[in-house]
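Q: Please take a close look at one part of this model: the surface that faces the DNA. Then set that part in its wider context.

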Protein chains: 2
Amino acid sequence: MGLPLPFTEAGRRSTGRVAGPARDAAHPCRRCEAVRDAALCGALTADDFQRLTALRCHAELRADITVFREGDIADHLYSVSSGTMKLYKLLSDGRRQIIGFLFPGDLFGLAIGGGYAYTAETVTACQVCRFSYRKFAMLTERLPGVERNMLSIAVKDLVAAQEQMLLLGRKTAREKLASFLLKLSRRKRDRGLDGGVVELPMSRADIADYLGLTIETVSRTFTHFKRDGIIGLPSHDQVVIADNAALEHVAESDH
Amino acid sequence: MGLPLPFTEAGRRSTGRVAGPARDAAHPCRRCEAVRDAALCGALTADDFQRLTALRCHAELRADITVFREGDIADHLYSVSSGTMKLYKLLSDGRRQIIGFLFPGDLFGLAIGGGYAYTAETVTACQVCRFSYRKFAMLTERLPGVERNMLSIAVKDLVAAQEQMLLLGRKTAREKLASFLLKLSRRKRDRGLDGGVVELPMSRADIADYLGLTIETVSRTFTHFKRDGIIGLPSHDQVVIADNAALEHVAESDH
DNA sequence: CGTCTTCTTGATAGTATTCAATCCTCGTGG
DNA sequence: CCACGAGGATTGAATACTATCAAGAAGACG
């Protein structure tokens, strides 16, 4: 099932000597370098970073492409260079829970032995990098810094998952959606962008499955927020946060 | 607020030479050794394990004791030697989500910089060990195996958290409780014990806050399972799994 | 043995879901 | 350029599941 993904080697050996990272501006992997600080290679020397780069493969994927499925043997670690992705788990009757949305700089596919715990799918067109765990392991033996980074990423993901458990288990629909919008807004602000306008690359169905709601409830709640003057909805994939304080209030105490 | 916890050094230096692990059978830290394989020190040499042991502190805590609170500066890594603990997050109005229950061999307090993401509290009387992160870091520089173990623990916790997100977001009350009972049953079976009888050291309130339900719904659902002949309830803290197949069926498709 | 807490059970209410229909947006083609 | 079609989004009405409020039963503990 499923066609092989178009992953291509990034830093190819042209001679016996190790080639440096591609310098061609048109090469897609320039994008990977732009986000390297955000993810795996934080505290590496230029030299070690190059070694890591050498075993990186890259792919450009259009929207709604499955990168791997829950249960697939976990043989690669992935990184999002551009675009938005989603990770989800399914119940046998089709009910779906989206575990998280991914944005440039985010890692996915972290797994220890066995298979992936979730399915990974593109939401928009994406540029994605990946490393083979097999090759990766040989390198990380010598580079404890990479494993430390992976630990710190796993812990960060764990903290985020626990926060989401609080949301799913104990928050109302209004609180859930408000929390979601604020998370997107803060993410933009943390990157120096305007947090007052938030893009929603994902569908209402995706938002619903992320927040443990139905499409209809998500839609209705958007409408309520709009009527209350808390947000503006210039288009269905763009939210203007009109009253941040009110949104923050709703996010934690609308019970 | 909060009295200091009674943590005492385990392997104390009696002379200039590093003392071995306490051999006194009465010493509470014998218990820690019994569970070492389950947690942090999996692939260590006896020598390295001893070094780790040397900086371990131990405490015996009665039920309902808070070990640390969400937001406290994360300066220690903890391990449960005996008893049951719970980790939870609170909303400002008191709504609570239990992130997980912990049993002997489980680690908690994993955090990277900043504070703990949750509050940790004993459910029953517990024996708990802890390591100072400061001292710990000095040791792990030389012991990449420990960091690898921590990564694998963090990933395992992450996978469990994602499974719980599916439960909280998409399962019905019956499915939630069935999944919970099966998880406890499988845990016992994995340790070579009888999975047909499950102990519930935690209160209905704790179960409710773990499953994103109310006390009443948990109680009613127990009663339903009993009436359906799926379980027996010899006492309120003991469950006999009378029909495992039925329980597994309910856990995944009772929608 | 009495009190206190926890658990169970019952009645009612409310939030979110389900089912259904309409609206909108956007891409396509005439 | 505009009509058309399709998928997604919104809105409405009715239902259902779980929460809330309230009371009684069962244990736990002194």
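A: The answer starts at the DNA and then moves to the chain contact and the cores.

This is a predicted model, in which local features need pLDDT of at least 70, side-chain atom pairs count only at pLDDT 80 or more, and totals for chains, interfaces and linings use all residues. Residues are numbered from 1 along each chain as its sequence is written, chains are lettered from A and ligands numbered from 1 in the order written, and side-chain values use heavy atoms, with hydrogens and water left out.

Start with DNA strand C. There are 17 residues around the strand, where near means that a residue has a heavy atom within 4 Å. Ala173(A), Thr217(A), Arg204(B), Ser219(B) and Thr223(B) come nearest. Of the strand atoms within 4 Å of the protein, sugar and phosphate make up 63%.

By class, this surface has 9 polar, 5 charged and 3 nonpolar residues. Here Ala, Val, Leu, Ile, Met, Phe, Trp, Tyr, Cys and Pro count as nonpolar, Asp, Glu, Lys and Arg as charged, and the others, Gly among them, as polar.

Helices are DSSP runs of H or I with at least four residues, numbered from the N terminus. Helix H7 (215-227) of chain A and helix H7 (215-227) of chain B each supply at least two residues of the surface. H7(B) gives the most, with 5 residues.

Now the polar contacts (pairs of N or O atoms within 3.5 Å). A polar backbone atom of Ala173(A) is 2.7 Å from a phosphate oxygen of strand C. An N or O atom in the side chain of Thr214(A) is 3.0 Å from a phosphate oxygen. Arg220(A) reaches a base instead: a polar side-chain atom lies 2.8 Å from a base oxygen.

Next, the two protein chains. Their contact (heavy atoms within 4.5 Å) takes 47 residues from chain A and 47 residues from chain B. The area buried between them is about 4,100 Å², with 65% from carbon and sulfur atoms. That area is the accessible area (1.4 Å probe) that the two parts lose on being put together, summed over both. Arg95(B), Met165(B) and Arg170(B) supply 19% of what chain B buries against chain A, more than any other three residues.

Gln162(B) sits in helix H4 (residues 144-170) of chain B. Gln162(B) counts as buried because its relative accessibility is 5%; the cut-off is under 20% relative accessible area, with a 1.4 Å probe and protein chains only. Beyond its neighbours within four places in sequence, Gln162(B) contacts Lys89(A), Ile99(A), Ala117(A) and Tyr118(A).

Definitions and conventions
Polar contact = N/O pair within 3.5 Å; in protein donor to acceptor, adjacent residues only side chain to side chain. Buried < 20%, exposed > 50% of the residue type's maximum accessible area, 1.4 Å probe, protein only.
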